[in-house]
Amino acid sequence: MNEAAESADLRGRVYPHCLRATAASYHAYQGVAPVPLQALMGWSNLATAQKYIRISGTATADALWQAHHR
């Protein structure tokens, strides 16, 4: 990880928790539902998964798509 960060000129700005948050965000943007996201990331609290999904906006996009494409 340190080598990759250094080659990308990101030394000191990439760390395991940052990568974990990026993975959670990525999966939320891909539409992973809260419970599977919680299981994947190992969170004990479902609210954490819901936060990532809320931030991703996919729930809003899905609701709008369903409302306009029935």
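A residue counts as buried when its relative accessible area is under 20%, and as exposed when that area is over 50%. With that in hand, let's look around this structure, which is a predicted model.

**The aromatic pair**

Tryptophan 43 and tyrosine 52 are both buried. They're a good place to start, since the structure holds one aromatic pair. The ring centres of tryptophan 43 and tyrosine 52 sit 5.3 Å apart with their planes at 10 degrees, so this pair is stacked.

**Two helices that pack**

Tyrosine 52 also turns up where two helices meet. In general, a packed pair of helices is described by the angle between the two axes and by the distance between them. Here the helices are α2, covering residues 16-29, and α4, covering residues 46-56; they pack at an angle of about 60 degrees, and their axes are 8 Å apart. That angle makes α2 oblique to α4. As for handedness, α2 passes α4 in a right-handed crossing.

Who does the touching? On the α2 side you'll find Ala21, Ala24, Ser25, Ala28 and Tyr29, and they meet Tyr52, Ile53, Ile55 and Ser56 of α4. Sorted by character, the residues of this contact are seven nonpolar and two polar, with no charged ones.

**A walk along helix α3**

Now for helix α3, made of residues 34-41, where valine 35 is found. Glutamine 38 lies in helix α3 too, and so does alanine 39. Here's how those three residues come out:

| Residue | Relative accessible area | Class |
|---|---|---|
| Valine 35 | 54% | exposed |
| Glutamine 38 | 17% | buried |
| Alanine 39 | 62% | exposed |

Why is glutamine 38 classed as buried? Its relative accessible area is 17%, and the buried class takes anything under 20%. Alanine 39, on the other hand, has 62% and is exposed.

What does glutamine 38 touch, once neighbours within four places in sequence are left aside? Its contacts are Trp43, Ser44, Asn45, Leu46 and Ala49. Trp43 on that list is the buried tryptophan from the stacked pair with tyrosine 52.

**Distances to other parts of the chain**

Two residues of α3 also come with a distance to somewhere else in the chain. Between the C-alpha atoms of valine 35 and cysteine 18 there are 21 Å, and these two residues are 17 residues apart along the chain. For alanine 39 and alanine 4, which are 35 residues apart along the chain, the C-alpha atoms are separated by 28 Å.

Key. Residues numbered from 1 in each chain as written. Predicted model: local features only at pLDDT ≥ 70, side-chain atom pairs only at ≥ 80, totals over all residues. Heavy atoms only, no water. Axes fitted to C-alpha atoms, helices over the stretch in contact; angles between N-to-C directions. Helix = DSSP H or I, 4+ residues; strand = E, 2+ residues; numbered from the N terminus. Parallel < 35°, antiparallel > 145°, perpendicular 65-115°, else oblique. Left-handed = near helix turned anticlockwise from the far one by under 90°. Contact = heavy atoms within 4.5 Å. Nonpolar A, V, L, I, M, F, W, Y, C, P; charged D, E, K, R; others polar. Phe/Tyr/Trp six-rings, centres within 6.5 Å; stacked < 30°, edge-to-face > 60°. Buried < 20%, exposed > 50% of the residue type's maximum accessible area, 1.4 Å probe, protein only.
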